[in-house]
Amino acid sequence: MLRVQVLVLLLAAVLLYPTRIDRVSSHEESGEWHCDSGSEIRVQAEFRPGIITLDGKVDDWKDVDGSDFPLLPALDPDADKEYNAGKMTLKAVHDGKEAYFMLQVNGNYAYTQGDSNKCASVALMFQIGENATYHRMGGCEEGPDSCTNKTCHGHEVDIMHFSLGNAIPGRLYGGNPANRFGHLVDVYAWNPHCRYLDGISPLGNDTSAQNDWQGSWWHSSLTDHSGFIKDDSPYASEGQKGTYYFEFSRPLRTMDRLQQDAQFTIGKSNKLSAAFWYPMDSKPWHGSGHYSISCDWIPLDFISGGGSEVAQKSPWGAATAFSLLFSVVALCVSIFIGHRFSSTSRTANFIPMDNL
Ligand SMILES: *[C@@H]1O[C@H](CO)[C@@H](O)[C@H](O)[C@H]1NC(C)=O
Ligand SMILES: *[C@@H]1O[C@H](CO)[C@@H](O)[C@H](O)[C@H]1NC(C)=O
Ligand SMILES: *[C@@H]1O[C@H](CO)[C@@H](O)[C@H](O)[C@H]1NC(C)=O
């Protein structure tokens, strides 16, 4: 029995192993664009309920494994032009209802009140439509006057962009109906020229759309008192060495009915990317001057809760554990009955049926 179970477990391990070493398939597109990401990283969002507070501070992430990505210019991913202060660390978890993301990157403190282009900034991008490419934000071929949800169907990407120029560190942003307070916006796009806030579209607006994202930021040079207010800006002195932290959350599923949000499912995978803007040499950044974690999508796996990975992925794991338990119980019961039978037959008198 035990040998069969070991065999089944081995077989399950062999069957499951290839899914862990899948390569990120890099693709080359027509024209000058060339991507050979070679990255084998899969971001794993495990079930870790009740550990994350969205306050920009990241001590609560210390037991969560992350992935490190070199930051290359998004439009010219050349290793010689890598962001020189270090890699970006990306972590993700979920609690069964919400997905949580943490981005961390070194950078001297830069903050100019009211001018987001002179502050650091981050974005997350997810595939929605099955034909949406990483390159060119969905890659729809239509121009700004011809892209619609019909002509670009299948090329939808979902973007969350957090700008810091008016965002107080440690405070929560986003999560508002229809993006009213522009620090943390929920956007969808078909290509870089066809980008819209959720609910806004070339064919008409939909007021039911929501900004489902929430987020907060922090920098390690900031000193935490009882909370910052706008009058404390710029919150720390310019140019201090340190690390930027960004935390975001979003429900796994949203009320979107227009293909403007990616939907996350426990046990399934999505495709994501992350971008970073920074005022290099104190010069304001411009929209396309961002760094990216890869020149192609990175797979993001939502892992279901409980037990070890093999046990949750393989129905055989549970079945063999149960059969082992069952056989142990059966053995105990038979020993017990055998013992009872032999002892009662020795001590108690046998009562023939016809005497009752
Ligand atoms: C994606 O592209 C394939 C091949 O061109 C096509 O058959 C499919 O319908 C497209 N999917 C969507 C959602 O447009
Ligand atoms: C949709 O909303 C945008 C931004 O608020 C506005 O400029 C545009 O006129 C609206 N379009 C329609 C058709 O209402
Ligand atoms: C396109 O968007 C409009 C306006 O939001 C909506 O009424 C329409 O149903 C959408 N069409 C498709 C094919 O999704």
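Me: Into how many nonpolar, polar and charged residues does the shell around ligand 3 divide?

Reply: In this predicted model, the residues around ligand 3 are Asn149, Lys150, Ser201, Leu203, Gly204, Asp206 and Leu258. Leucine counts as nonpolar, aspartate and lysine count as charged, and glycine is placed among the polar residues. On that basis the shell around ligand 3 divides into two nonpolar, three polar and two charged residues.

Me: Is Met137, with its positive phi, buried or exposed?

Reply: Met137 lies in the loop between strand E6 (121-127) and strand E7 (157-163), and its phi is positive, about 45°, although Met137 is not a glycine. A residue needs 20 or more other C-beta atoms within 10 Å to count as buried. Because Met137 has 24 C-beta neighbours inside 10 Å, this residue counts as buried.

Me: Is Asp281 buried or exposed?

Reply: Asp281, which is not a glycine, has a positive phi of about 50°, and its place is in the loop between strand E13 (269-277) and strand E14 (291-292). The limit for an exposed residue is 12 or fewer other C-beta atoms within 10 Å. Asp281 has 5 such atoms, and therefore this residue is exposed.

Me: Which residues does Leu272 touch, not counting residues up to four places away in sequence?

Reply: The largest nonpolar core has 72 residues, and Leu272 is one of those with the most contacts inside it, a group that also includes Met88 and Val157. Leaving aside residues up to four places away in sequence, Leu272 touches Val43, Leu124, Met125, Phe126, Trp297, Ile298 and Leu300.

Definitions and conventions
Residues are numbered from 1 along each chain as its sequence is written. Chains are lettered from A and ligands numbered from 1 in the order in which they are written. This is a predicted model: local features need pLDDT of at least 70, side-chain atom pairs count only at pLDDT 80 or more; totals for chains, interfaces and linings use all residues. A residue is near a molecule or strand if its C-beta atom, placed from the backbone, lies within 6 Å of it. A nonpolar core is a set of buried Ala, Val, Leu, Ile, Met, Phe, Trp, Tyr and Cys residues joined through C-beta atoms within 7 Å. Two residues are in contact if their C-beta atoms, placed from the backbone, lie within 7 Å. Helices (H or I, at least four residues) and strands (E, at least two) are DSSP runs, numbered from the N terminus.
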